Amino acid sequence: MNGKPYGAGVPAAVTIASLFLVLPVIVIVYYAFNPTGLITFPPRALTWRWFVNFFTTPAFRAALINSLLIAAIVTPLTLAIAVPTAIALVRRTFRGRVALNGLILSPIVIPGVVSGVAFLNFFTWIGLAGGFWRIVVAMACFTLPYAVRALVSVLHGLDTALEEAARNLGGTAWRTFLSVTLPQLRPGLLAGAIFVFVECIDNFSIAVFLTDLRTSTLPVEAYGYIRDFDDPTIAALATVLIVQSLVLVFVMQRFIGMDRALGFRQ
Amino acid sequence: MKQAPLVWLLAPAVIVLAIFFGAFFRFAADSFLHQIPGTAMMAGPASWGNYRAVLVSPLAQRVFVDTLRMSLEITLIAGLLGYPMAYLLARSPSRRVHTTILFVLTVTFFAGGITRAYAWMIILGNNGPINRALREWGFSSVPLINNETGVVISLIHFVIPFFVLTLFATIKNIPASLEEAARNLGGRRWQAFWRVTLPLSLPGLISALLLTFTITLSSFLFPLLLGGGRVQMVASLIYDKMQNSFDMPASAAMSLLFLILSLIPLSAISLVRSTLGRRFGGSRR
């Protein structure tokens, strides 16, 4: 054979691009432990101060709790909606299936700001006032495509023989679903849950229009803080989110396999 | 055999779609009303006034053009940086290289928007490492944030994972043996790439570029934080309009014009998929 299909230039270019990608992650973690707002190298001292500041500021605590609660409600809710939807899309044939698939995926491609303002207008019109439930409903609509996509990709790869066997042995539709289909869907459920959860915690463009004086979320609160203050408190928040990201990537790698979680392989 | 009725399976999704598209129908209807001055209320009669106002506004025109231009720049640079990544991810025989690239992409991706936007504010800021190093070496500092440079750099960073992960599957599906054949027949590596791999990856490349373009077009947090109020993109313009005047009908008209603009590249994707895909094979997924 003729050796590698690419020269040394390719790995070199990829190394540069990778460094560009990880640079902000490294700098922000370093900054979070920096005693002052000025980055010094080598570090004069390290401090937990900004983490303490983040976790003891009442506004951030409230926003953190809201964000986690919203994610804790939206993630199972979205998955519960997505499972029957994905099964219908993959296992059934009906008129308008392709169109329905397109409609379900469409919230992903609509700019977040447009959805945000449209939801604000809609919730004002129907009289849903509380920021918390407005965000829950909006995020459930917005994240459904992520969960459906993850489940559809797993369902396509499943062999229906197992389900047929269960049915032939006298299992009811419901029994078969619970003890045969659902366990096989686990990788899709996990991947979908991770994508929905991350979107709930990180979403800014929709949430910023739906928060009110009593209910804020982490990114919205962080945005307000960045505009008013110039210290590394948000770097501490960013570090917490980076740790969360590492944990999620580890879970994906360990329990689903990265290729499958990202939808490359079924 | 008895199956669960289709209606039951689809009912939850139909409710979600009804809320989502209900919101958009209401939004479209309200875009033809006008704000009662000094209030957050709307009134008729219906007219195209809000749409006309957006289309003739010099500010809106400038921001739409700027947004398109910046998105184009960002997409092209992200494509240049991302293509080798997707290629190596697909072709490297080393498991470790594969895992490392995926790790870098997913960790940055899952770290979220606010984390990355803030990190770039710190790196590129006037007291950030770059400008302090410049000053220490006797140069004058360069303004890298509160201008387009900062928005462009941070957005390139934001979109690379989307680009690479979209393109990767296509390159993976091109049999490596085709490149080998080209090289065995005496072609150089770059010729094999230029004449075989690149054309075969075209459908995926175009889809990835259009997706990247769409994501950039609708970016919001990055112009808001790194533009420092001096760089407007359409999304931040809509936000400002809502913040300053709470003029819902006018914001709705601008949002819907923006929506139409942002859906053009995506309609192009499906067109590319159906025409190029048929001609080249490559990415039939």
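**Two chains and a shared nonpolar core**

In this predicted model, 75 residues of chain B are in contact with 67 residues of chain A. On chain B, helix α1 (residues 6-30) supplies the largest share of the side that touches chain A, with 15 residues. Sorted by class, that side of chain B holds 50 nonpolar, 16 polar and nine charged residues.

Chain A itself is a good place to look next. Its secondary structure consists of 13 helices and zero strands, so the pattern read along the sequence is simply α repeated, from α-α at the start through to the end. The C-alpha trace of chain A spans about 70 × 70 × 30 Å along its principal axes. Of the 266 residues in chain A, 47% are buried. Among the contacts in chain A with a separation of 6 or more, 78% join residues that lie 24 or more positions apart.

One helix of chain A deserves a closer view. Helix α12 of chain A (residues 233-255) contains 23 residues and reaches 33 Å from its first C-alpha to its last, close to the 33 Å expected at 1.5 Å a residue. Several residues of α12(A) are buried, including A:Ile234, A:Ala238, A:Leu241, A:Ile242, A:Ser245, A:Val249 and A:Met252. Just after α12(A), A:Gly257 takes a positive phi of about 90°.

How does this helix meet its partner α2(A)? The axes of helix α2 (residues 49-56) of chain A and α12(A) come within 8 Å and cross at roughly 85°. Angles of 65 to 115 degrees count as roughly perpendicular, and α2(A) and α12(A) are therefore roughly perpendicular to each other. On the α2(A) side, the contact is made by A:Trp50, A:Phe51, A:Asn53 and A:Phe54, while α12(A) contributes A:Thr233, A:Ala235, A:Ala236 and A:Leu237. Six of the residues in this contact are nonpolar, two are polar and none is charged. The four residues from α12(A), A:Thr233, A:Ala235, A:Ala236 and A:Leu237, are also buried.

The picture widens with the largest nonpolar core, which has 175 residues. The members that touch the most other members are A:Phe119, A:Leu151, A:Ala238, B:Ala86, B:Val164 and B:Ile238. Helix α6 (residues 131-157) of chain A gives the most to this core, with 16 residues. On chain B, what surrounds B:Val164? Leaving out residues up to four places away in sequence, B:Val164 touches B:Gly82, B:Met85, B:Ala86, B:Leu89 and B:Leu105.

Definitions and conventions: Residues are numbered from 1 along each chain as its sequence is written. Chains are lettered from A and ligands numbered from 1 in the order in which they are written. This is a predicted model: local features need pLDDT of at least 70, side-chain atom pairs count only at pLDDT 80 or more; totals for chains, interfaces and linings use all residues. Helices (H or I, at least four residues) and strands (E, at least two) are DSSP runs, numbered from the N terminus. A residue is buried if 20 or more other C-beta atoms lie within 10 Å of its own, exposed if 12 or fewer, and partly exposed in between; C-beta atoms are placed from the backbone. Two residues are in contact if their C-beta atoms, placed from the backbone, lie within 7 Å. Ala, Val, Leu, Ile, Met, Phe, Trp, Tyr, Cys and Pro count as nonpolar, Asp, Glu, Lys and Arg as charged, and the others, Gly among them, as polar. Axes are lines fitted to C-alpha atoms, for helices over the stretch in contact, and angles run from 0 to 180 degrees between N-to-C directions. Angles under 35 degrees count as roughly parallel, over 145 as roughly antiparallel, 65 to 115 as roughly perpendicular and the rest as oblique. A nonpolar core is a set of buried Ala, Val, Leu, Ile, Met, Phe, Trp, Tyr and Cys residues joined through C-beta atoms within 7 Å. The expected span of a helix is 1.5 Å times one less than its number of residues.
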